[in-house]
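Colleague: I am new to this structure and should like to understand the reasons behind the terms used for it. May I put some questions to you?

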Amino acid sequence: MVSAVFHAPMDAAAKASVATNNVASSALPSSAKVKKDSQTAVAAPAPRPARDWAALSRSFWMAVLPPLCGLGLLIGLWAVVSTTTGGSIPSPKDTWVQALDVFSNPFYRNGPNDQGVGWNVLMSLQRVAIGFGMAALVGIPAGFVIGRFAFLSRMFNPLISLLRPVSPLAWLPIGLLVFKGANPAAIWTIFICSIWPMIINTAVGVQRVPQDYMNVARVLNLSEWKIATKILFPAVLPYMLTGVRLAVGTAWLVIVAAEMLTGGVGIGFWVWDEWNNLNVKNIIIAIFVIGIVGLALEMALIKLATAFTFEEVKA
């Protein structure tokens, strides 16, 4: 009873206040209503969605933690092998100290056969660039022609299948016999071993161009040059870049082995020279340098291929 007595007047007053506000609002002009609504909208902005910090942290650790675990496993196994071999394999700590000394002056020169690791890497990259460039100039057009014409494809397929599995070092004596020099022989070896991936991948890309594209070109009476530049090249580009990436990896593998046999300046010769000096620390440092340079080349070409690759080919 008490609650009814005291709430009834308050409800009536509230109703009267609401009715008064409604009357006042209806009495306002339309422009005033719009202004009032806009002020209300500005005064009460929409709340921003909160960031999912847990998901961001989880993705960060999933990107960083596995590589760190793999590197820690490698260093741990390396330390165990160093301990069990009685120090014949240098420990990670001793190799790190030696690496700091090697990379403190990587571009010194004390003679034709005594140069820093930087000059050796640059000389190897120069040989790879020359041999790989020549292979690209020959292999990519050859792949287009072999993939475009069935007769040439049947003609060269047996030759490619015969020569492609030959070991890279088997080509080195042929280069020494023909070119009479260690440096051109090493470039020849890179050329002959890196040309096959580019020929094969380019030819396969040409053969996988949809037949509808070629039918349209035939109806439009396009020339062979326009077919190659306007139809084949855009469609074959992802396959061609895959062949280039594989060829660069092959070239970098071949140059190390070739330089071990030919001598001179280069990262392969540096490994062999350090073995003759029984400097195992520098050999391990050279292994890591070779791996890092090869990884950098691979990642650069993967980025290049991704920029020019269609989504279905990426998948």
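Modeller: What follows is a discussion of a predicted model, from the overall fold to single residues.

Colleague: What makes up the secondary structure of the chain?

Modeller: The chain holds 13 helices and 0 strands. Its pattern along the sequence is therefore written as α-α-α-α-α-α-α-α-α-α-α-α-α, a helix being a DSSP run of at least four residues.

Colleague: How much of the chain is buried, and how much area does the chain expose?

Modeller: Of the 315 residues, 31% are buried, that is, they have under 20% relative accessible area. The chain exposes about 20200 Å², and 70% of this comes from carbon and sulfur atoms.

Colleague: How many residues does the largest nonpolar core have, and which have the most contacts inside it?

Modeller: That core has 55 residues, and Met198 and Ile267 have the most contacts inside it. At least two residues each come from helix 4 (92–103), helix 5 (117–148), helix 8 (182–207), helix 9 (211–219), helix 10 (224–262), helix 11 and helix 12 (280–307). Helix 10 gives the largest share, 16 residues.

Colleague: Why is Met198 counted as buried?

Modeller: Met198 belongs to the nonpolar core, and such a core is a set of buried residues, so Met198 has under 20% relative accessible area. Beyond four places in sequence, methionine 198 touches Phe132, Ala135, Ala136, Gly139, Ile140, Gly243, Val244 and Ala247.

Colleague: Why is leucine 74 called partly exposed?

Modeller: Leucine 74 has a relative accessible area of 43%. Buried requires under 20% and exposed over 50%, so the value of 43% lies in between and leucine 74 is partly exposed.

Colleague: Which nonpolar patch includes Leu74?

Modeller: Leu71, Leu74, Ile75, Phe288 and Ile292 form this patch on the surface, and together they have about 450 Å² of accessible area. The value of 43% for leucine 74 is over the 30% that a patch residue needs, so leucine 74 meets that condition. Helix 3 (53–84) and helix 12 each supply at least two residues of the patch, and helix 3 gives the largest share, 3 residues.

Colleague: How do you know that glutamate 274 has no salt bridge?

Modeller: The nearest side chain of opposite charge, lysine 281, is 11 Å away. A salt bridge requires a distance within 4 Å, so glutamate 274 has none, although it is buried. Glutamate 274 lies in helix 11 (residues 267–276). Apart from its neighbours within four places in sequence, glutamate 274 is in contact with Asn279, Asn282 and Ile283.

Methods
Residues numbered from 1 in each chain as written. Predicted model: local features only at pLDDT ≥ 70, side-chain atom pairs only at ≥ 80, totals over all residues. Heavy atoms only, no water. Buried < 20%, exposed > 50% of the residue type's maximum accessible area, 1.4 Å probe, protein only. Lys, Arg positive; Asp, Glu negative; His and termini not counted. Contact = heavy atoms within 4.5 Å. Core = buried A, V, L, I, M, F, W, Y, C linked by side-chain atoms within 4.5 Å. Patch = residues over 30% accessible without salt bridge, like charges linked within 9 Å, V, L, I, M, F, W, Y side chains within 5 Å. Areas by Shrake-Rupley, 256 points an atom, 1.4 Å probe, with all protein chains shown as cover.
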